[in-house]
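Here is a short briefing on one helix pair and the charged side chains around it. Please keep the structure open as you read.

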Amino acid sequence: MSRTATAFAWCSHLVPIYALYALLFADSGLSDASISVLLAIWSFTAVVFEVPSGAIADRFSRRSSLVAAGVLQAVAHAAWVLFPSFWGFAVGFVLWGLGGTLTSGAFEALLYDGLAANGDEEQYGRLNARVDTIELISQVPVAVMATALFSYGGYELAGWVSVVMCLLSSVIALRFPEPPRESEEHESYFATLRAGLRASVPIKRAVIAVALVYAIDAFEEYFTLLAQDWQVPTVWVPLATIGVPLLGAAGASLGGRLPFRGWVLFASGVALIAAAVLAVPMAIVLLGLFYGLYRFVLVQIETELQHRIESDARATVTSVAAIGSEFVAFAVYGLWVLGSAVAVGVLILVVALVIWRR
């Protein structure tokens, strides 16, 4: 299980077009407004299909959901290469969004139940931490891959390699063991959906905690803009900020090994506010400290949720938390516009106080 999960995590994140797609859109003639519309389409797709896709995974097959997700994302990137226009990009984002919702919830549920089938559910925290760490570390080789592929074959080569990596992730997903569940034989899709929504109510505090904490990750999109605002020359921004996800990976790795403490998220908010107030290149160190502490907490909160779910509709419950995070993420975007990083830091302090009891 752990080897398959590790291979799947690497393969599904080593997608070079991730580092290039914004540039692809701009170089294809799209305006900033058009690119923003595309991102909105992507987010809207996630909001609409997040919970229904979780119920699909619970009712039918979580492993098949991961396989379908890789295929959909491969087709999405192929559409970008073959039809480099607004509508081609829009179709790609819808397909990518669908693939993302099929993975969200299903992946966590497949890992947890696979471990539980062998009595190893206590190992989920460490495995979840490993997967989270890979997600962050992969940003470094992705940047290198994207640079090399673009140099040799432009966006087209990077796009086709991305298609291959997504399809390979589907092949790896076929290797996941999937324990049988009682609901597979006795419940309809809508019954499974209702069961998942009902199962979220008794553990609503854990669901809300994941929604609140996971939403903070939306702030990652602004790291490069912060570095630029802090007088880092644009040409050096990628290198200057590369340590941030690496510190995040370190925090995630420790999240699977050390016990949770409520003050850690509060400390991350303090570090972010301090960085924003200093607003100098060296403040990136504090930004990395914030992200490392935050990812430590995220792993802990996600793991606790999985331990609390007792229903067979595990993917649906996880998707409920995920869709909640999508809505909270809009607050992060709004606070960035209204008050930049300081306002986001204050939001993190508030979230920390809400979950301090843990």
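Are Arg295 and Asp132 buried or exposed? Both are buried. The model is predicted. Arg295 and Asp132 also meet in a salt bridge, and they belong to a wider network of such bridges.

**Helix packing**

- Helix H7 spans residues 124–137, and helix H16 spans residues 283–308.
- The two helices pack at an angle of about 140°, and their axes lie 9 Å apart.
- H7 and H16 are therefore oblique to each other, since an angle has to be over 145 degrees to count as roughly antiparallel.
- Their crossing is right-handed.
- H7 brings Tyr124, Gly125, Asn128, Ala129, Asp132, Glu135 and Leu136 to the contact.
- H16 brings Tyr291, Arg295, Val299, Glu302, Thr303 and Gln306.
- By type, the residues of this contact divide into 5 nonpolar, 4 polar and 4 charged.

**Salt bridges between H7 and H16**

- The whole structure holds 5 salt bridges.
- One of them joins the side chains of Arg295 and Asp132, at 2.6 Å from N to O.
- Arg295 sits in helix H16 and Asp132 in helix H7, so this pair ties together parts that are 163 residues apart in sequence.
- Glu135 forms a salt bridge with Arg295 as well, with the closest N and O atoms 3.8 Å apart.
- This pair, too, links distant parts of the chain: Glu135 is in helix H7 and Arg295 in helix H16, 160 residues apart.

**Burial of Glu135 and Arg295**

- Glu135 counts as partly exposed because its relative accessibility is 28%, and buried means under 20%.
- Arg295 has a relative accessible area of 1%, so it is buried.

**The link to Asp217**

- Arg295 forms a further salt bridge with Asp217, where the closest N and O atoms are 2.9 Å apart.
- Asp217 lies in the loop between helix H11 (204–215) and helix H12 (223–229), whereas Arg295 lies in helix H16.
- The two residues are 78 residues apart, and their pair links distant parts of the chain.
- Asp217 is buried because its relative accessible area is 13%.

**The network**

- Which residues are linked in a network of salt bridges? They are Asp132, Glu135, Asp217 and Arg295.
- Arg295 pairs with Asp132, with Glu135 and with Asp217.
- Side chains of opposite charge can pair when their charged atoms come close.

Conventions: Residues numbered from 1 in each chain as written. Predicted model: local features only at pLDDT ≥ 70, side-chain atom pairs only at ≥ 80, totals over all residues. Heavy atoms only, no water. Axes fitted to C-alpha atoms, helices over the stretch in contact; angles between N-to-C directions. Helix = DSSP H or I, 4+ residues; strand = E, 2+ residues; numbered from the N terminus. Parallel < 35°, antiparallel > 145°, perpendicular 65-115°, else oblique. Left-handed = near helix turned anticlockwise from the far one by under 90°. Contact = heavy atoms within 4.5 Å. Nonpolar A, V, L, I, M, F, W, Y, C, P; charged D, E, K, R; others polar. Salt bridge = Lys/Arg side-chain N within 4 Å of Asp/Glu carboxyl O. Buried < 20%, exposed > 50% of the residue type's maximum accessible area, 1.4 Å probe, protein only.
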